[in-house]
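Here is a quick tour of one chain, starting with a sheet and ending with whole-chain numbers. Have the viewer open as you read.

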Amino acid sequence: MAEEFLIDIDIKKTFTAQKIIFRARLPRSSSWTILFGPSGAGKSTVLRCIAGLEKPEQGRIRFNGEIWNDQGIFVPPQHRRIGYTFQDATLFPHFSVSKNIGYHLTELSPREKSDRIAEMISLFRLEGLENRNVLTLSGGEKQRVALARTLIRWPRLLLLDEPLSSLDAPTRFQLRKELRDLLTRFEIPIIMVTHDRTEALSLGDHLIVMDNGNVLQSGPIHEVFSRPGEKRTAEIVGMENIFPGVLQEKNNGLAHIKIQDLPLTAVATDVEEGNIMVGIRAEDILISRETKSKTSARNRLPGKIRNIVIEESLVRVTIDCGVLIDALITRESHAEMNLENGQEIELSVKATAIHLFQHN
């Protein structure tokens, strides 16, 4: 009978200032798993344990039914057939692109090696750069060379540790668009470490949120991002508006809440009446210059703009509705509405966009 999970991990790893307790089962259906969380959460250590570069004090790591780490068993990195790419493209500076890519192919004949290198050059769109010294390449080209060198041996599992973090913003944007397409053809599972929300959403199937060495939540990526299970998870995945509130009552499938004096209606969940935490994503908030605008949203909140900040392709608008609420809109919407500080506007929020957490 085939293993239900591709990777089954339950490990403990202790450092002077941190203890990492990581338990996760990665489903076969997820080709991209994202380890997500702030710096220092323990993500890279978990990746190194999976690779065999770190040895947990206790616990197990099982891949496809094969034990890599358990009581008395430790399979060394070279026998796990794993590919590992770091955030800095660690290439041999005195070698050309082709020599870097083919460096580890010591077991092949010269003809086979040449054919395999040519295949990688084509797959990673490096034609014309074969004889270039890697020091003359752009950041994106270096990272593609590093990936080609890792994948030329067709590993069973690919580990990526912040592979885009050292690139400038335009290069990071371009390679992020290309990366999933480039790696899909290898048909191998990928575990990637990142603290970048856009990277996680663009590339991931399954998300594991970590903080301070522990797993906070694990599941399909859009489920975790849209329905974090607790306040800290909501903060990490980027739910910008989180407030203490009171759940006054539930009826007809709806929950009636107050944040200070601000009344809100949400979809009722298993959160109990009383003191709770309320979360609203900035992108789930609609802005209108008209009061009583035509919308199906149950929550309509009058307010006054306190601050406007342009963030790449989006604009963050902070509105005072009795509490300060952040909304994200496109630059086009900002220009069309001609928004300014001090302006009176109306916010609309659907009941389904309001998330409730039990107060800790």
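Two strands count as paired here if DSSP finds at least two bridges between them. With that in hand, and keeping in mind that this is a predicted model, take a look at one sheet. It is an open one, built from 5 strands in the order β14-β13-β12-β15-β21, with antiparallel pairing. β14 (262-267) and β21 (354-358) sit at the edges with a single partner strand each, so one side of each has no neighbour in the sheet. From one strand to the next, the twist averages 45 degrees.

Now zoom in on one pair inside that sheet. Strand β12 (residues 241-251) runs antiparallel to strand β15 (residues 274-280), and 7 bridges link the two. If you want a specific spot to click on, try V246: its bridge partner in β15 is N275.

Zooming back out, the chain's secondary structure adds up to 9 helices and 21 strands. Some whole-chain values:

| Property of the chain | Value |
|---|---|
| Span of the C-alpha trace along its principal axes | about 75 × 50 × 40 Å |
| Exposed area | about 17,800 Å² |
| Distance between the centres of the positive and negative side-chain sets | 3 Å |

Carbon and sulfur atoms supply 47% of the exposed area. As for charge, there are 46 positive and 47 negative side chains in the chain. Buried residues account for 48% of the 360 residues.

How do the contacts spread along the sequence? Taking contacts between residues at least 6 apart in sequence, 68% join residues at least 24 apart.

Methods
Residues are numbered from 1 along each chain as its sequence is written. This is a predicted model: local features need pLDDT of at least 70, side-chain atom pairs count only at pLDDT 80 or more; totals for chains, interfaces and linings use all residues. Side-chain values use heavy atoms; hydrogens and water are left out. Helices (H or I, at least four residues) and strands (E, at least two) are DSSP runs, numbered from the N terminus. Axes are lines fitted to C-alpha atoms, for helices over the stretch in contact, and angles run from 0 to 180 degrees between N-to-C directions. Buried means under 20% relative accessible area, exposed over 50%, partly exposed in between (1.4 Å probe, protein chains only). Contact means heavy atoms within 4.5 Å. Accessible areas come from the Shrake-Rupley method with a 1.4 Å probe; for residues, only the protein chains shown count as cover. Lys and Arg count as positive and Asp and Glu as negative; His and the chain ends are not counted. The place of a charge is taken as NZ of Lys, CZ of Arg, CG of Asp or CD of Glu.
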